[in-house]
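The exercises below are meant to be worked with the sequence and the coordinates side by side. Try each task before reading its solution.

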Amino acid sequence: MCYRSKKDGTFMTANGFYKSLYYIFLIVVMAGWIEVAADEEKRIPTTLDGPFKPVTRRFDPSLRQGSDDLPMEHPRLQRNVTSMFPEQVALALSTPTSMWVSWVTGESQIGLNVTPLDPAKVRSEVFYGKSGGAYTKTKTGVSMVYSQLYPFEGLWNYTSGIIHHVKIDDLEPETKYYYKCGDSVLGAMSEEFVFETLPLPAPHKYPRRIAVIGDLGLTSNSTTTIDHLITNDPSMVLMVGDMTYANQYITTGGKAASCYSCQFPDSPIRETYQPRWDGWGRCSV
């Protein structure tokens, strides 16, 4: 069988015709491989491409080493709301379709004689929806207080503000939600916040960026780390503990001790200064 060339009218055998098609196909495939390889070099690898050999980076000696705790008078640690308005608003991931919203209302107390607040006097409500200012759903939750009471004369006791927890469990994956929390009857609602739910688990569905932090303390280094974390816009944050070191203080506050037993040898028990936790809740949100 022969085929006439459209260009010059000459004839091509069947073998020559198929061989030409083969070379054209080969060129197209190789061009595709080159393009894919170029894209692979530009692509940031994911955990699905692993496992990878661990990589460490040499410490930069120009970075600040060591840092004192932030004082409770620091602007980021001070209470900036009044009455029963929410503060220390925080999110905790439950599932791709549910989220915990937590906050604190009322002032904590510290001293020789403290009286716990009554959680029943403040509602725990979250209003939320898919558009800013348009809240189509409401959830209610629970509230509580905790107290640190010492059986030793002279040690100060502590009782917290009212701590609220509300679980929202009817969310859609990969969806942005706007919300407010507080007590609508008292008219004590927070400003509007926003979060985005995670995708449902699948081979190619996972948080695009996860931040892992630990041993953060509550120092000027802590604020630098938090600010750096925020600028990188992670999908979620995994906090692995050691956040405020309230147990490096005596109950009356003062200055933290690097060695508690060395600095406070006469302390009848390992004391804590619980307001440091309130400072942490304000600094980290």
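**Exercise 1. Determine how the span of helix α2 compares with the expected span, and which of its residues are buried.**

Solution. This is a predicted model, and the first step is to take the ends of helix α2, which covers residues 220-231 and therefore has 12 residues, each step along the helix being expected to add 1.5 Å. From its first C-alpha to its last, α2 reaches 17 Å, which is close to the expected 16 Å.

The second step is to sort the residues by accessibility, where buried means under 20% relative accessible area and exposed means over 50%. S222, T223, I226 and L229 of α2 are buried. Viewed down the axis of α2, the buried residues fall within an arc of 125°, so they line one face of the helix. The exposed residues H228 and T231 are carried by the face of α2 that is turned away from this buried side.

The third step is to ask what the buried residues meet, and here they pack against β15 (210-213), β16 (236-239) and α4 (275-283).

The last step is to inspect both ends of the helix. At the start of α2, a side-chain oxygen of T219 comes to within 3.1 Å of the backbone nitrogen of N221, while α2 is followed by D233, a residue whose phi is positive, near 50°.

**Exercise 2. Describe how β15 pairs with β16, and state which side chains of β15 are buried.**

Solution. Begin with the pairing: β15 and β16 run parallel and are joined by 4 bridges, and the bridge partner of I210 in β16 is M236.

Then follow the side chains along the strand. In a regular strand the side chains alternate between the two faces of the sheet. β15 shows such alternation, with A211 and I213 pointing to one face and buried, whereas I210 and V212 point to the other face and are not buried.

**Exercise 3. Find what W280 touches, and decide whether W280 is buried or exposed.**

Solution. Locate the residue first: W280 lies in helix α4. With a relative accessible area of 8%, W280 is buried, because the cut-off for that class is under 20%.

Next, list its contacts, leaving out residues up to four places away in sequence; W280 then touches L216, G217, L218, M239, M243 and T244. One of these, L218, is 62 residues apart from W280 along the chain, yet their C-alpha atoms are separated by 6.7 Å.

**Exercise 4. Work out the strand order of the open sheet that contains β3, and identify its edges.**

Solution. The sheet is open, has 4 strands with antiparallel pairing, and runs in the order β3-β4-β11-β8. β3 (87-95) and β8 (142-144) each have a single partner strand, so these two stand at the edges, with one side of each left without a neighbour in the sheet. On average, and with direction ignored, neighbouring strands of this sheet are turned by 20° against each other.

Now examine the edge at β3, which is joined by 6 bridges to the antiparallel strand β4 (residues 98-105). The bridge partner of E87 in β4 is V104.

Finally, consider Q88, which is found in strand β3. Q88 is buried, with a relative accessible area of 13%, and its phi is near 55°, a positive value in a residue other than glycine. Most residues other than glycine have a negative phi.

**Exercise 5. Place T251 and D242 in the chain, and classify each by accessibility.**

Solution. T251 is found in the loop between β16 and α3 (260-263), and D242 is likewise found in the loop between β16 and α3.

At 3% relative accessibility T251 counts as buried, whereas D242, with a relative accessible area of 47%, is partly exposed. The phi of D242 is near 55°, again a positive value in a residue other than glycine.

For T251, the contacts outside the four places on either side in sequence are I110, Y150, L155, W156, E271, T272 and Y273. Of these, I110 also has a bridge partner, Y158 in β10. The strands concerned are β5 (109-111) and β10 (residues 157-159), which run antiparallel and are joined by 3 bridges.

Conventions: Residues numbered from 1 in each chain as written. Predicted model: local features only at pLDDT ≥ 70, side-chain atom pairs only at ≥ 80, totals over all residues. Heavy atoms only, no water. Pairing = 2+ DSSP bridges. Axes fitted to C-alpha atoms, helices over the stretch in contact; angles between N-to-C directions. Buried < 20%, exposed > 50% of the residue type's maximum accessible area, 1.4 Å probe, protein only. Arc of directions from axis to C-beta. Contact = heavy atoms within 4.5 Å. Polar contact = N/O pair within 3.5 Å; in protein donor to acceptor, adjacent residues only side chain to side chain.
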